[in-house]
Amino acid sequence: MANKNILPVAPTMAPEVSKPDEGKVISGDPVHTTWNLEERDGLYCGIWQSTPGKWTISYDEWEYCRILEGVSVISEDGGDAVTVKAGDSFILRPGFKGSWEVLETTRKDYVIKV
């Protein structure tokens with residue numbers, strides 16, 4: 001793509017590598033790799049990947065996700081667990097609290113609005 005206003009969603013830049021805060025990890029040793037492709041005016045878009053593990057999550061932001069590969073289980077506190085896999089799309093709304101468990105290394109593309 002040669003148009004400066006059309007940005008391909010592909011991991012073409014150097015990623016950020018991180019881990020969940022130690023106090024949030026429930027099991028395993030998950031490693032997150034993030035390619036932030038767009039950051040502006042409270043909007044974040046890119047690709048995120050995690051190796052297996054489980055940690056607590058708490059959302060103040062709105063996020064759209066599409067799973068590109070792998071299998072994860074997202075559980076809401078006091079609610080049901082949802083298994084997501086390649087091809088699944090979903091929205092996590094502000095106020096969501098629970099856990100994310102990566103069963104098989106998972107890669108997603110995302111759009112976050114703060």
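These questions and answers walk through a predicted model of one protein chain.

Colleague: What does the secondary structure of the protein come to?
Modeller: Read the elements from the N terminus on. They run β-β-β-β-β-β-β-β-β. The count comes to zero helices and nine strands.

Colleague: How does the radius of gyration agree with that of a compact globule?
Modeller: The C-alpha trace spans about 45 × 25 × 25 Å along its principal axes. With 114 residues, a compact globule would come out near 13 Å. The protein agrees with that, because its own radius of gyration is 14 Å.

Colleague: What share of the contacts with a separation of 6 or more comes from residues 24 or more positions apart?
Modeller: Take the contacts in the protein with a separation of 6 or more. Residues 24 or more positions apart account for 62%.

Colleague: What percentage of the residues is buried?
Modeller: The cut-off for buried is under 20% relative accessible area. The protein has 114 residues, and the buried ones make up 36%.

Colleague: How much area does the protein expose, and what part do carbon and sulfur atoms supply?
Modeller: The exposed area is about 6,900 Å². Of this, carbon and sulfur atoms supply 50%.

Colleague: Which residues form a nonpolar patch on the surface?
Modeller: One member sits in strand β6, residues 62-76. That member is partly exposed, with a relative accessible area of 33%. Together the patch has about 260 Å² of accessible area. Its residues are W62, Y64 and I91.

Colleague: Which residue in strand β9 meets R66 in a salt bridge, and how many residues apart are the two?
Modeller: The structure holds five salt bridges, and this is one of them. The N to O distance is 2.6 Å. The pair links distant parts of the chain, with R66 in strand β6 and its partner in strand β9, residues 97-113. The partner is D109, 43 residues apart from R66.

Colleague: Is D109 buried or exposed?
Modeller: Its partner R66 is partly exposed, with a relative accessible area of 36%. D109 has a relative accessible area of 10%. Under 20% counts as buried, so D109 is buried.

Colleague: How far apart are the closest N and O atoms of E38 and R40?
Modeller: The two residues form a salt bridge. E38 counts as partly exposed, at 26% relative accessibility. The closest N and O atoms are 3.2 Å apart.

Colleague: Which residue meets D88 in a salt bridge?
Modeller: D88 counts as partly exposed, at 23% relative accessibility. Its partner is also partly exposed, at 46%. The N to O distance is 4.0 Å. The partner is K85.

Colleague: Why does K108 count as buried?
Modeller: K108 is found in strand β9. Leaving aside neighbours within four places in sequence, K108 is in contact with several residues, including W48, Y59 and W100. The cut-off for buried is under 20%. K108 counts as buried because its relative accessibility is 4%.

Colleague: Which side chain makes a polar contact with the side chain of K108?
Modeller: Look among the residues in contact with K108, leaving aside its neighbours within four places in sequence. They include C65, R66, I67 and L68, along with the residue asked for. The polar contact is 2.8 Å. The side chain belongs to E63.

Terms used
Residues numbered from 1 in each chain as written. Predicted model: local features only at pLDDT ≥ 70, side-chain atom pairs only at ≥ 80, totals over all residues. Heavy atoms only, no water. Patch = residues over 30% accessible without salt bridge, like charges linked within 9 Å, V, L, I, M, F, W, Y side chains within 5 Å. Areas by Shrake-Rupley, 256 points an atom, 1.4 Å probe, with all protein chains shown as cover. Salt bridge = Lys/Arg side-chain N within 4 Å of Asp/Glu carboxyl O. Helix = DSSP H or I, 4+ residues; strand = E, 2+ residues; numbered from the N terminus. Buried < 20%, exposed > 50% of the residue type's maximum accessible area, 1.4 Å probe, protein only. Polar contact = N/O pair within 3.5 Å; in protein donor to acceptor, adjacent residues only side chain to side chain. Contact = heavy atoms within 4.5 Å. Rg over C-alpha atoms; globule rule 2.2 N^0.38 Å.
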